[in-house]
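Work through the exercises below with the structure in view. Try each task before reading its solution.

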Amino acid sequence: MEQLSLFDDRKQNAPLASRLRPESLEEYVGQEHLIGEGKILRKLIESDQVSSMIFWGPPGVGKTTLARIIAKKTRAEFVEFSAVTSGIKEVKEVMNQAEQNRRMGIRTLLFTDEIHRFNKAQQDAFLPFVEKGSIILVGATTENPSFEINSALLSRCKVFILKPLEEPELVKLLHQALESPRGFGSLLISIGESQLAAIARFANGDARTALNTLEMAVLNGKMDEKAVLCVDEELLAQCMNRRSLLYDKNGEEHYNLISALHKSMRNSDPDAAVYWMYRMLDGGEDPLYIARRLVRFASEDVGMADSQALPFAVSVFQACHFLGMPECNVHLTHAVVYLSMAPKSNALYMACEACKQEVQKFPAEPVPLQIRNAPTKLMQELHYGEGYIYAHDTEEKLSRMQCLPDTLQGRRYYFPTDQGQERKVKERLEEIMKWKRGE
């Protein structure tokens with residue numbers, strides 16, 4: 001075999017993610033919901049019927065790559081610039097050239113990366129040219145277009161949401177990198193499937209991160225006596241700067257750690273809860289997954305004992321969505337400690353489970369006539385709503401009207417505890433039940 005070097009020429013020296021950038025839809029990995037066979041975006045590209053659009057998605061999912069593929073397929077002149085480096089002057093220059101092209105029957109496809117970074121004046125400069133058809137605007141953004149793009153401009157663009165790549169898609173991409181002549185196809189590399197899966201988990205949906213990690217591992221691999229580059233687990237762990245090799249987000253360890261987090265919070269142990277939470281983050285877990293579990297915990301294990309726990313957990317989820325890692329780690333810690341120290345009640349969870357079983361046993365119990373809606377004359381003749389008592393019209397703001405089906409009359413599902421704020425709820429409910437019994 002020819003002795004090869006990773007430093008043979010300028011092209012070979014380019015980053016792996018750049019060398020492997022797909023040049024056709026067939027090479028493109030991911031976003032099957034948009035560019036799979038028969039999907040709308042693929043049809044628009046293949047028929048050269050592309051209109052102005054916004055690609056919205058996290059970094060490393062192929063927004064720029066897809067724009068370049070569109071540029072190769074379309075018969076329009078392709079112009080690319082970034083909102084980070086271009087000002088209003090550059091925008092107007094491009095627009096003027098696009099208008100001249102339009103008069104000569106030439107379309108201009110303008111790809112704008114980081115379009116959310118343009119201010120209102122810069123975005124307004126696009127608008128008349130998009131309306132006239134002087135340009136086909138393709139913008140890429142990591143931010144929600146509803147908040148970051150002018151409504152007038154956004155209304156003239158179709159928004160396509162690009163999703164983080166799934167782990168199997170990232171593994172496929174890594175195999176392409178190892179086999180492609182543009183990647184490491186000319187080298188003999190020893191790396192296991194479990195290691196490729198670990199890189200995919202570490203990348204967390206970001207193709208660029210996956211390829212950069214693979215490249216770092218290969219460049220630091222050890223050559224054996226058979227000229228094979230070996231990537232061992234210790235080297236890979238160093239490249240990822242975390243122990244994600246030990247953490248499989250779809251495997252047993254994933255469920256062990258989330259169980260440990262949940263049970264530590266339930267046991268009011270903030271130190272253990274923070275530890276298990278950070279073990280998950282250190283292993284590459286999606287912070288939004290942890291935040292969703294905290295939202296569930298707020299109702300399942302805290303509930304009415306502290307009803308502020310739920311809106312607080314939701315606000316932490318939103319903060320994690322806005323900031324991402326690593327900044328959102330302190331927000332997750334805030335929520336984990338708050339929920340650990342909150343008074344605990346599982347009364348809502350028990351009520352939900354008890355009622356679920358009852359509904360499964362009695363799935364079609366009729367609604368009592370007195371609480372049925374009666375919008376038509378026929379329904380009124382059938383006694384719908386007859387006997388209904390409007391609680392606000394009573395002095396006590398209560399009535400003894402039956403609301404459960406006859407077969408379930410007297411059933412109870414919610415049993416409030418004495419914990420935290422739920423003590424007041426329990427006292428209130430006991431007063432109501434005593435009044436309804438006429439005591």
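**Exercise 1: the cover of a helix**

The buried residues of helix α5 are K63, T64, T65, L66, A67, I69, I70 and A71, where buried means under 20% relative accessible area, exposed over 50% and partly exposed in between, with a 1.4 Å probe and protein chains only. The model is predicted: local features need pLDDT of at least 70, side-chain atom pairs count only at pLDDT 80 or more, and totals for chains, interfaces and linings use all residues. Residues are numbered from 1 along each chain as its sequence is written, and side-chain values use heavy atoms, with hydrogens and water left out.

Task: state how many residues of α5 are buried.

Solution. Step 1: α5 covers residues 63–73; helices (H or I, at least four residues) and strands (E, at least two) are DSSP runs, numbered from the N terminus. Step 2: eight of its eleven residues are buried, which leaves the helix mostly covered.

**Exercise 2: two crossing helices**

Task: describe how α15 and α18 cross, and which residues meet there.

Solution. Step 1: the axes of α15 (residues 270–282) and α18 (residues 329–341) come within 9 Å and cross at roughly 145°. Axes are lines fitted to C-alpha atoms, for helices over the stretch in contact, and angles run from 0 to 180 degrees between N-to-C directions. Step 2: on the α15 side, the contact is made by P270, A273, V274, M277, Y278 and L281; on the α18 side, by N329, L332, T333, V336, V337, S340 and M341. Contact means heavy atoms within 4.5 Å. Step 3: by class, these residues are ten nonpolar, three polar and no charged. Ala, Val, Leu, Ile, Met, Phe, Trp, Tyr, Cys and Pro count as nonpolar, Asp, Glu, Lys and Arg as charged, and the others, Gly among them, as polar.

**Exercise 3: the largest pocket**

Task: find which residues lie nearest the centre of the largest pocket, and which helices each supply at least two residues of its lining.

Solution. Step 1: a pocket is an open set of points on a 1 Å grid over the protein atoms alone, where a 1.4 Å probe fits, with protein on both sides within 12 Å along at least five of seven lines; lining residues have an atom within 4 Å of a point. Step 2: of the 46 lining residues, P58, P164, N204, D286 and L288 lie nearest the centre. Step 3: the helices are α8 (145–148), α10 (167–179), α11 (193–203), α15, α16 (287–302) and α17 (309–323). Step 4: the lining divides into 23 nonpolar, eleven polar and twelve charged residues.

**Exercise 4: residues in loops**

Task: place E143, K163 and K226 in their loops, and say whether each is buried, partly exposed or exposed.

Solution. Step 1: E143 lies between β4 (135–141) and α8 and is partly exposed, at 33% relative accessible area. Leaving out residues up to four places away in sequence, E143 touches W56, H116 and E148. Step 2: K163 sits between β5 (158–161) and α10 and is partly exposed, at 46%. The C-alpha atoms of K163 and Q31 are separated by 6.6 Å, although their positions lie 132 residues apart along the chain. Step 3: K226 is in the loop between β7 (222–223) and β8 (229–230) and is exposed, at 64%.
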